[in-house]
Amino acid sequence: MDLRWPRVRRPGGRPRSGRARLMRWPAAVGALAVLVAGVVVAGAASAAGGGGAVHRSDAMLTGAGGVRLDTSYFTAGGSGRRPAVLLGHGFGGSKDDVRGQAESLARHGYAVLTWSARGFGRSGGLIGLNARDGEVADVSRLVDWLAARPEVRLDAPGDPRVGVTGVSYGGAVSLLAAGYDRRIDAIAPRETYWNLADALFPDDVYKKLWSGIFFSTGSVPLESAAAAQPGTTARPGATAPSGTAAPSGTAARPEGTVAAGGQDCGRFAPGVCALYQRVAQSGRPDAAARVRLTALSPAAVASRIKVPALIVQGQSDSLFTLAQSDAMAKALRANGAPVAVDWIAGGHDGGDTEDARIDRRVTTWFDRYLKGGTGVGTGPAFRVTRTGGLNSTDGSVVLRGASGDGYPGLAGARSRDLALTGSRQRIANPAGGAPPAISSVPGLGALSGLSSLGASLSVDFPGQSARFESAALRGAVTVTGAPSVDVRVATAAPDAVLFAKLYDVAPDGRQTLPASLAAPVRVAGAPQGRVVRVRLPAIDHQFAAGHRLALVLATTDLGYASPTAPAAYTVSLAGAGVALPTDPGLRADAAPLPWWAWALPPFALAVAAGLLLTGRRRVRPLPADPALAAVPLQISGLSKRYAKSADRYAVRELSFRVEPGQVLGLLGPNGAGKTTTLRMLMGLIRPDEGEIRVFGEAVRPGAPVLSRVGAFVEGAGFLPHLTGRANLDLYWQATGRPEQDAHLAEALEIAGLGDALERAVRTYSQGMRQRLAIAQAMLGLPDLLILDEPTNGLDPPQIREMREVMIRYAGSGRTVIVSSHLLSEVEQTCSHLVVMDRGRLVTAGPVAEIVGSADTVLVGVAGELPQTLVDKVAALPGVATAVREEDGLLAVLDGMTAPQLVAELVRLDVAVAQVGPHRRLEDAFLTLIGGPA
Amino acid sequence: MTASSAPAPVPAPPAAPAGAGGTAPGYRPGRTLRLRVEARRQLRRRRTMIVAGLLTALPFVLMAAFAIGGTPDGGGRNGPTLIDTATASGPNFAATCLFVSAGFVLVVPVALFCGDTVASEAGWASLRYLLAAPVPRARLLGVKLTVALGFSAAAIVLLPAVALAAGTVAYGWGDLELPTGGALPAASALPRLVVVVAYIFVGQLVTAALAFWLSTVTDAPLGAVGGAVGLTIVGNVLDAVTALGSWRDVLPAHWQFSWADAVQPTMEWTGMLQGTSVSVSYAVVLGALAFRGFRTKDIVS
């Protein structure tokens, strides 16, 4: 049987090594990858805990009496001398169980020797329960062997610097070795016994279930052992308590022993086997058995163990209880040795034995006392693991520690008396001790970790248990230690056996038994009654406010042998109540958060700062140009190329200037770059080259000077769920400017929406949205008004009116830029023109200059105009050309005036019907851009 | 100026102020698009109303379900859940409503509020007018994110608040009965519920930041919302793959139910602290990505 229980699988195992790959694109993926990889890489580094290959060599060494011991020797790193550690294993296990810890210690700079104890694994010999001339002497032989190793540090010739640690059976041998062999320098016994007699026969009551499991493991019939494959080692697993894990046979194996009764004793030494069989059969330990087991225990050499000891004991342990470690700590401290006590959550009953944490603590303990690192902290003198709530992420119980500067013992640093009430009760011991009450069940003890959450297996039978309850607690009480209570027991039977338990009773009546522990009490029979002090099991448990405590004294327990004869006991309280030990010096440790939980947010902040501080070039605000402060717009050398097109320019080397009071027409066919230019002007798009200055200020995204620009570009943009009025209101509020500066009434007049203003914008027609958007652009009467295709979707009267609006707006000294592809529109509205094509400036200037002058005259002619007459006109002096048009004549004058031409035409008998200047922008435009685009 | 009406007289604008300087009078970048203004712009939206309506209705739907199906009797003896204690008291009912909705129901409003912040403005074409107003880009993002988070928080608070009120009316005021056994007195249960709600909000920050970032990348609001919800689901799926082991610790979804640590006899903080750490870290980085991308983005919507 492996007296260690299967390790609890913890979340957050070590991440496999992963090399972080940083992706360059997109930045987003990269940034998140950095975030995740940073965690993982650092996690792998901490999991490895320093590198270094561990060298292992296996050997059969000779123990005491020539017994062959199967050993493994672990070293790592250089050849310098280092302290050694002997690492023992649990009952029923072998050296293989501790290989992981051995490798870890070796990497940490120790020479580590593990061995299978005699009777286990491939080692020879018989199980002597850590007998002085058996297992303990074996350890001395191993120390001898270590002393001869060249890499082991020596305190004196033949005396290596060596520590011993181990769990359960291996922990006991560490204590015994320290008692018998002066060369041992430090020990760390874990979950082990101080006095085996007290552990198996507490208060003279036989702990039958655990004892049975304990002994059956070592006394498996040899037939089944022989059936196992030679050379293999049965793995002690989770099913070990059922006794199926048999030590495998090897050539070195001795014959099994047979006790006096003829019963097969497996690998047990005959004396031990006979003792067990005698006690198990009678159900009651005898004095000889007590003496024998005590002699085998560390308690026998109590006064001789003087080395620093880290004592680790389980709270969920009905086999080796906290009372065992308490006796151990007291004895060692009395010898003057440094002692630290650590109560882990689990134990032999199950639960989390916190191996990783304890392994680390053992390592630091040895660092301090073997390596002599005086600066190494060995942890608190007393630490208790407390169960918090459930971790809802994976369902595990959350553990956290509480630490104190001193170990107060089971009586506590302080004691508090709590009154119990309950009358005298008469209870029955059932014949045969059945059915038994249940406190803990070996193997189901994992549930005891849940006892703080309300899960409890405990069963008491009415009529077979006495019960005394306290009043509801006013405040919470945390009990750390063994409570005690005085009771009077009267019985006519020779003696009475009672099992004392202290329940935590919630207000709703649900009760839990802390750590699922019961303490047996044997009381000599006295018909008139006898007062005994009952020491309840040692626990660390918080009784919450409002809860009550219930003392239960049961006549039976599943784990123990109780008298089989039927009897009646009368039980009553003999004192005021129960004494509760507390340790106010215990302080809760900081919550055991993984390191990354603290590291991640600052790391993320650093990544975020990096993201914000790098990236595309920063905009360096250009200084304002005071010379241009009055110029509404000056564009110079503006170029923009959209992404993914290497050479296709949307706007290329555009330069022009707009003066106050102008109505500037931005003219060009679709795709000429008009809208792109306006977007750059609004700071929505970043130019590749060149600059835009509005009133002397360089335009960049969000430039404050844009507050002087009102724009309507590429259609309306409104919140469809809000009314037209709300849209304008909120837009103006969004600018943050004073309400009276909005000139909302004027803008609304231009929109002319009437009652529709109170409807949601989503109900508007295209034209209504258009008008509302122009009104929005005019809010606050901006100094520069930009209108992109403003007359789209308007009907003719509205178009005419819009023209008026623009002209009058510019008339007040403000400036308007209108983009359009409607030539007649621009011609009728604008004073100046900028003509663009394919992103380039074609021409800029006053409309008249671009369109041409009165030099071209169109003459409407009534009737047919013969070609000869046209030629005559063309031949006139002062006329450059004359061509026949559809219903007349087009003449380009060169020196002649229009009236003179008319006179000449009349003289030539041309039937002049009408004469007018030819100002067709379309022609000029087409000429300028070289034909329809 | 409707087509039927006569053209309105054109107002003659007053003369341009002489020497107006660099900016229009009264313009200050720090006063543009104040939180109140942005909240008013978003509040009347249909999606806001629908989310509020659904979250208000959900407790009553649950209540009707319990009325029809009968009071849960704790049939799940092996794994008691908050559902089993739903009708014990008002606080219990509020906790149950949180339990059933924290996984997905509350993800949607958060993704919705944060995912269409910028994208919907781009879709309406109103974004360019705000930016040309000009609202500085960082301020625009900051204000919009703040308001979106505010709406998200309101949604997350609304559900348990309605549930607490309705549950108290229907089932009475009482202790918070815990599924693991025991009960918390109402006086200490309410602060626990506040912690739960706060943690759920913090846990949703990843979804919020993801949606917000997507919102600055795309012009399609549904794309941003759907993308954020989709990636949140992918996170849940990955978290279900136990083979990932400790890699799952860096998944925000891994910690989404850590608030249950507050609904047990011993308050447990470690899970929530780790979840907060993961959530805030992702949110900070995603938020930085949003600001980094948007500050130089060409607005072509």
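**Reading sheets and helices in a predicted model**

Guide: Let us start in chain A, where strand β26 (residues 633–641) is joined to β27(A) by six bridges, the two running antiparallel. One of these positions can be found by eye, since A:Arg641 has A:Tyr649 in β27(A) as its bridge partner. The model is a predicted one, in which local features need pLDDT of at least 70 and side-chain atom pairs count only at pLDDT 80 or more, while totals for chains, interfaces and linings use all residues. Residues are numbered from 1 along each chain as its sequence is written, and chains are lettered from A and ligands numbered from 1 in the order in which they are written.

Visitor: What order do the strands β27, β26, β29 and β30 of chain A take in their sheet?

Guide: In general, strands of a sheet pair through backbone hydrogen bonds, either parallel or antiparallel. Here a strand is a DSSP run of E with at least two residues, a helix is a run of H or I with at least four, and both are numbered from the N terminus; two strands pair if DSSP finds at least two bridges between them. In this case the order is β27-β26-β29-β30, an open sheet with antiparallel pairing. Because β27 (649–658) and β30 (697–698) each have a single partner strand, one side of each is left without a neighbour in the sheet.

Visitor: Which strands stand at the edges of the six-stranded sheet of chain A?

Guide: That open sheet has mixed pairing and follows the order β31-β32-β33-β28-β34-β35, with β31 (709–712) and β35 (840–846) as its edge strands. Inside it, β28 (663–667) and β33 (815–820) run parallel and are joined by five bridges, and A:Leu664 stands opposite A:Ile817.

Visitor: Which strands does helix α17 of chain A touch?

Guide: Touching means contact, that is, C-beta atoms, placed from the backbone, within 7 Å of each other, and angles run from 0 to 180 degrees between N-to-C directions of axes fitted to C-alpha atoms, for helices over the stretch in contact. Helix α17 (796–811) touches β28, β32 and β33 of chain A, and makes about 150 degrees with β33(A).

Visitor: How many residues of helix α2 of chain A are buried?

Guide: A residue is buried if 20 or more other C-beta atoms lie within 10 Å of its own, exposed if 12 or fewer, and partly exposed in between, with C-beta atoms placed from the backbone. In α2 (99–107), seven of nine residues are buried, including A:Leu105 and A:Arg107, and the buried residues pack against elements including β1 (54–62) and α11 (355–369) of chain A.

Definitions and conventions: Contact = placed C-beta atoms within 7 Å.
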